Protein chains: 2
Amino acid sequence: MGSLHTEELDTISVCPQNPLDPEEFRRQGHMIIDFLADYYRDIEKYPVRSQVEPGYLKKLLPESAPYNPEPIETILRDVESVIVPGITHWQSPNYYAYFPSSGSVAGFMGEMLSTGFNVVGFNWMSSPAATELESIVMDWLGKMLKLPKSFLFSGNGGGVLQGTTCEAILCTLTAARDKMLNKMGRDVIGKLVVYGSDQTHCALQKAGQIAGINPKNFRPVSTTKESAFGLTAAALRTAIEADVTAGLIPLFVCATIGTTSSTAVDPIGPICEVAKEYDMWVHVDAAYAGSACICPELRHFIDGVEEADSFSLNAHKWFFTTLDCCCLWVKDPSALVKALSTNPEYLKNKATESKQVVDYKDWQIALSRRFRSMKLWMVLRSYGVANLRDFLRSHVKMAKQFEALLGGDGRFEIVVPRTFAMVCFRLLPKTVLVPGVVANGGAAAAAAAEAGELERVNELNRRFLESMNAEGKVYMTHAVVGGVYMVRFAVGATLTEERHVNFAWNVVLEHAERILGEF
Amino acid sequence: MGSLHTEELDTISVCPQNPLDPEEFRRQGHMIIDFLADYYRDIEKYPVRSQVEPGYLKKLLPESAPYNPEPIETILRDVESVIVPGITHWQSPNYYAYFPSSGSVAGFMGEMLSTGFNVVGFNWMSSPAATELESIVMDWLGKMLKLPKSFLFSGNGGGVLQGTTCEAILCTLTAARDKMLNKMGRDVIGKLVVYGSDQTHCALQKAGQIAGINPKNFRPVSTTKESAFGLTAAALRTAIEADVTAGLIPLFVCATIGTTSSTAVDPIGPICEVAKEYDMWVHVDAAYAGSACICPELRHFIDGVEEADSFSLNAHKWFFTTLDCCCLWVKDPSALVKALSTNPEYLKNKATESKQVVDYKDWQIALSRRFRSMKLWMVLRSYGVANLRDFLRSHVKMAKQFEALLGGDGRFEIVVPRTFAMVCFRLLPKTVLVPGVVANGGAAAAAAAEAGELERVNELNRRFLESMNAEGKVYMTHAVVGGVYMVRFAVGATLTEERHVNFAWNVVLEHAERILGEF
């Protein structure tokens with residue numbers, strides 16, 4: 001045995017305490033748990049939407065990192081005094097903005113365990129449980145959704161947990177693209193066309209941009225009020241035929257179950273029928289509404305999914321897992337693997353060579369990956385299918401409750417039919433300038449008057465919404481469909497109960513009266 | 001005020017307890033903290049590399065999710081009995097595989113807080129503190145690294161937290177690609193060439209695949225032992241010139257500080273000089289070694305960074321933040337934003353329109369994003385610059401300690417010079433068949449004999465490594481450089497102390513003796 005270079009070893013810096021000291025971990029961990037439990041208990045005392053101005057934090061924090069350590073007690077005081085005021089409280093029961101970010105006790109505990117183990121599960125070998133639990137829970141959830149067997153591992157498809165829908169769409173689009181390029185030659189990349197509707201989430205456009213699809217070949221097909229802002233097969237076919245005539249190549253279509261603006265539903269079956277004729281890849285983006293389809297009475301919204309190529313939903317939106325946790329199922333995992341695999345020597349191992357394991361690094365953009373299945377597993381077990389259905393149903397019921405309140409008051413209009421747990425409404429001005437009042441002005445003048453009137457009502461609703469959000473008792477956001485500015489009331493924050501919806505209704509009434517009075 | 005549809009409201013399912021009940025959160029949270037504190041305390045009792053066989057978990061779990069809820073006590077018992085055996089213990093002090101995944105108390109507490117707040121910080125508006133804290137800590141860390149001001153917000157550049165280096169490279173490559181396509185026309189996409197070395201992380205190849213770069217135009221330039229497996233400017237120039245002659249367009253080069261196989265360092269300055277001549281984008285991937293450059297004595301490894309376009313490091317590797325936390329700085333944020341922005345109506349807001357805020361959604365692949373800066377802020381404050389330097393130095397010192405032990409024993413060879421906290425070594429067989437023994441066989445026979453001998457030594461080391469890992473007292477992994485199979489000993493698990501390195505040395509000796517005896 002060799003001698004030590006002792007002169008070097010003597011100078012090893014001795015830190016006062018290892019940064020992962022178990023007892024310090026325990027002490028601080030209990031503090032943070034109490035901090036967060038108190039936060040949830042008292043969350044209604046904060047304005048839902050943060051009231052700070054741009055640049056607020058720079059004024060409160062030093063210009064450089066501290067040279068010496070600071071105790072957790074000091075840091076936590078700063079969290080309370082400088083961070084919390086800058087937070088918009090997505091966990092507040094009075095939060096109805098965007099879509100929910102539905103935390104839960106089980107989801108949080110799962111996240112703690114995976115953060116605690118802190119494994120980097122790029123392949124099976126690097127932590128077998130991380131891979132195997134993911135495959136198992138993805139089959140569990142697939143069965144709960146009654147996905148066809150072809151999407152499950154037990155049917156030669158399979159599921160993977162991604163961070164977000166943006167990543168899921170980028171991965172499937174890349175797989176579809178490479179399949180096409182391998183068939184037609186790489187030179188056609190500039191001719192590939194990607195379809196969605198004008199209601200499809202911006203994730204599709206962005207995925208196209210990243211994957212090298214010509215931005216001119218991103219085709220957001222127009223929707224109308226008549227089809228409740230869903231993408232019709234006929235409109236899709238018309239767009240595809242025009243592109244084919246122009247020498248372009250239809251590649252990919254994204255159908256949405258529950259669009260961001262209005263929770264519209266694209267009909268999967270008819271869309272797949274058109275897409276099949278052109279050998280296109282169909283992805284179903286059920287980011288928001290997919291989880292609700294575990295309820296038998298809502299399952300029909302994904303009828304036709306058996307003909308699609310891939311399907312995704314965000315468990316962090318409306319399935320209690322905390323951000324981030326996007327569930328993606330594909331029928332042909334080999335298409336993903338062909339497009340996304342790399343096989344460097346330093347990751348070679350017997351398990352991979354045996355081909356008996358899944359190496360999820362080849363199903364996603366990144367190599368490294370967190371142990372996300374832990375939180376999904378804990379959510380499924382802690383609540384069980386029965387309670388999960390009931391939780392989702394209670395949100396739908398609360399949305400119906402709010403819808404009924406609006407429906408009973410003539411000053412409000414429900415702009416689009418409610419499908420899940422979101423109500424889209426607007427306030428109507430006391431006097432409506434109907435086209436008829438523009439006497440003898442002809443069609444053009446009537447149209448101009450109508451447009452002017454629409455903008456007047458839009459402006460009323462802009463003020464109405466900003467008035468509510470600035471007060472901070474509730475938080476809602478807006479969307480525009482068919483030119484109509486509307487307020488979105490998305491129920492789904494975990495802490496929201498019936499009494500909060502009634503409270504929100506009173507806030508709505510109060511601000512509506514004030515704004516109508518001023519208008 | 002309207003009347004309620006009471007028949008619907010009456011049927012709202014009343015769940016026994018809200019899934020985010022603060023007191024249940026408190027109860028379970030304390031349990032999990034104690035579970036994890038005990039896990040860290042007792043972590044040495046587990047085999048470092050999981051010993052399970054493929055498919056082990058399927059045999060232990062049911063085929064479907066439970067219909068009824070299960071108590072946390074039952075689930076935690078299963079975590080202990082079915083999950084932990086399938087985990088490779090990246091947090092073990094006896095873990096020296098791949099690169100570290102360096103958890104810490106501060107990193108964990110930061111992750112808990114961001115998971116607890118569970119905000120979705122896609123733009124400033126959605127939670128101002130998430131955006132502003134990120135900009136501030138990225139400037140802090142940039143200053144600690146002595147990055148040029150042009151990479152900081154204070155100098156019109158800026159930093160962003162991504163999940164992984166794969167994402168960081170994909171985003172910068174997409175920005176570089178679109179800059180070039182906007183100049184040269186989209187038709188040239190098939191001519192763009194991406195350069196790295198044959199030691200560059202597979203993230204570059206994968207980013208190229210996803211971004212639509214022709215796989216034939218991914219150029220891994222050969223490295224040699226003479227340049228310690230670093231990419232030389234001369235070799236890069238030769239490759240570029242050949243491509244230009246062939247009518248291709250050089251686009252992007254990735255220089256690595258601390259390659260995965262051997263922690264080799266590509267010389268940034270000379271590489272930038274070549275790249276500049278061709279108007280290429282230079283990304284510096286310092287995923288592993290970047291954090292060490294906060295120590296003044298190691299800062300020289302990133303000399304020349306002032307000429308690069310972007311720079312990234314993984315704080316989750318060797319900077320105590322837990323997975324995932326990749327820090328990316330760019331000189332020209334507008335290039336990222338042009339390539340990655342989308343601007344849907346439902347996200348429009350006054351703050352964005354005022355152009356006084358950063359909307360990080362346009363700096364990354366995904367729309368949704370976690371509040372990652374919280375953990376980086378807590379690490380910086382909890383330890384301070386002084387301790388952080390000392391932690392990293394202590395890892396380097398422990399690697400030197402191990403290197404010294406190997407160096408004093410003639411049975412081992414240090415294959416490449418140690419640069420940071422990783423030692424690459426191999427075991428040598430007792431008898432080496434030197435080429436000279438092949439009498440009168442000529443050059444071809446000598447070369448064949450040499451290749452045969454190399455493979456014999458490689459096989460010896462394969463067995464040696466597998467013998468150690470199968471026993472489970474320590475975990476190391478391998479790489480191959482210049483045809484030589486070597487064992488990588490990467491110090492950096494947070495709990496590793498001098499005594500563990502001495503323990504690992506004894507394991508190495510024991511297995512070396514046994515394998516040499518059998519060989």
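B:Phe229 sits in the loop that runs between β3 (218-221) and α8 (233-245) of chain B, and its phi is near 65°, a positive value in a residue other than glycine. That's one small detail of a predicted model. Zoom out and you'll find chain B and chain A touching through 178 residues from each, with about 16000 Å² buried between them. Here's a quick tour, starting with how the chains fit together.

**How the two copies are related**

- Turn chain B by 180°, with a shift of 0.0 Å along the axis, and it can be laid on chain A with an RMSD of 0.0 Å.
- The two copies are thus related as by a two-fold rotation axis.
- The same surface does the job in both copies, since 100% of the contact residues of chain B turn up again in chain A.

**Where the chains meet**

- The size of an interface is often quoted as the accessible area lost when the parts come together.
- Here, carbon and sulfur atoms give 67% of the roughly 16000 Å² buried between chain B and chain A, a figure that is itself given as "about".
- On the chain B side, the residues that lose the most area to chain A are B:Phe25, B:Tyr346 and B:Arg381, but together they make up just 6% of what that side buries.
- As for polar links, 65 residue pairs are in polar contact across the interface of chain B and chain A, both partners being at pLDDT 80 or more.
- Helix α13 (residues 373-407) of chain B gives the most to the side of chain B that touches chain A, putting in 21 residues.
- Sorted by class, that side of chain B has 90 nonpolar, 50 polar and 38 charged residues.

**Salt bridges, within and across chains**

- Over all chains, the structure holds 74 salt bridges.
- Eight salt bridges are found across the interface of chain B and chain A.
- B:Arg26 is a good residue to look up, as its side chain meets that of A:Asp34 in a salt bridge, at 3.0 Å from N to O.
- Back in its own chain, B:Arg26 also has a salt bridge with B:Glu23, at 2.8 Å from N to O.
- B:Arg26 and B:Glu23 are three residues apart in helix α2 (residues 22-41) of chain B, so about one helical turn separates them.
- An α-helix has 3.6 residues a turn, so residues three or four places apart point the same way.

**Helix α2 in both chains**

- In chain A, helix α2 (residues 22-41) has 20 residues, so at 1.5 Å a residue it should span 28 Å; its end C-alpha atoms are 28 Å apart, which agrees.
- In chain B, α2(B) also has 20 residues and reaches 28 Å from its first C-alpha to its last, close to the 28 Å expected.
- The N-terminal end of α2(A) is capped by A:Asp21, with a side-chain oxygen 3.1 Å from the backbone nitrogen of A:Glu23.
- At the start of α2(B), a side-chain oxygen of B:Asp21 comes within 3.2 Å of the backbone nitrogen of B:Glu23.

**Backbone details in the loops**

- A:Leu323 and A:Asp324 are joined by a cis peptide bond, with omega about 0°.
- A:Asp324 belongs to the loop between α10 (315-318) and β7 (326-330) of chain A.
- Over in chain B, the peptide bond from B:Leu323 to B:Asp324 is cis as well, with omega near -5°.
- B:Asp324 is in the loop between α10 (315-318) and β7 (326-330) of chain B.
- A:Asp279 has a phi near 60°, which is a positive value in a residue other than glycine.
- You'll find A:Asp279 in the loop between α9 (268-277) and β5 (281-285) of chain A.

Key
Residues are numbered from 1 along each chain as its sequence is written. Chains are lettered from A and ligands numbered from 1 in the order in which they are written. This is a predicted model: local features need pLDDT of at least 70, side-chain atom pairs count only at pLDDT 80 or more; totals for chains, interfaces and linings use all residues. Side-chain values use heavy atoms; hydrogens and water are left out. Copies are superposed by least squares on the C-alpha atoms of residues with pLDDT of at least 70 in both. Contact means heavy atoms within 4.5 Å. Buried area is the accessible area (1.4 Å probe) that two parts lose on being put together, summed over both. A salt bridge is a side-chain nitrogen of Lys or Arg within 4 Å of a carboxyl oxygen of Asp or Glu. A polar contact is a pair of N or O atoms within 3.5 Å; within protein, one must be able to donate a hydrogen and the other to accept it, and residues adjacent in sequence count only if both atoms are side-chain atoms. Helices (H or I, at least four residues) and strands (E, at least two) are DSSP runs, numbered from the N terminus. Ala, Val, Leu, Ile, Met, Phe, Trp, Tyr, Cys and Pro count as nonpolar, Asp, Glu, Lys and Arg as charged, and the others, Gly among them, as polar. The expected span of a helix is 1.5 Å times one less than its number of residues.
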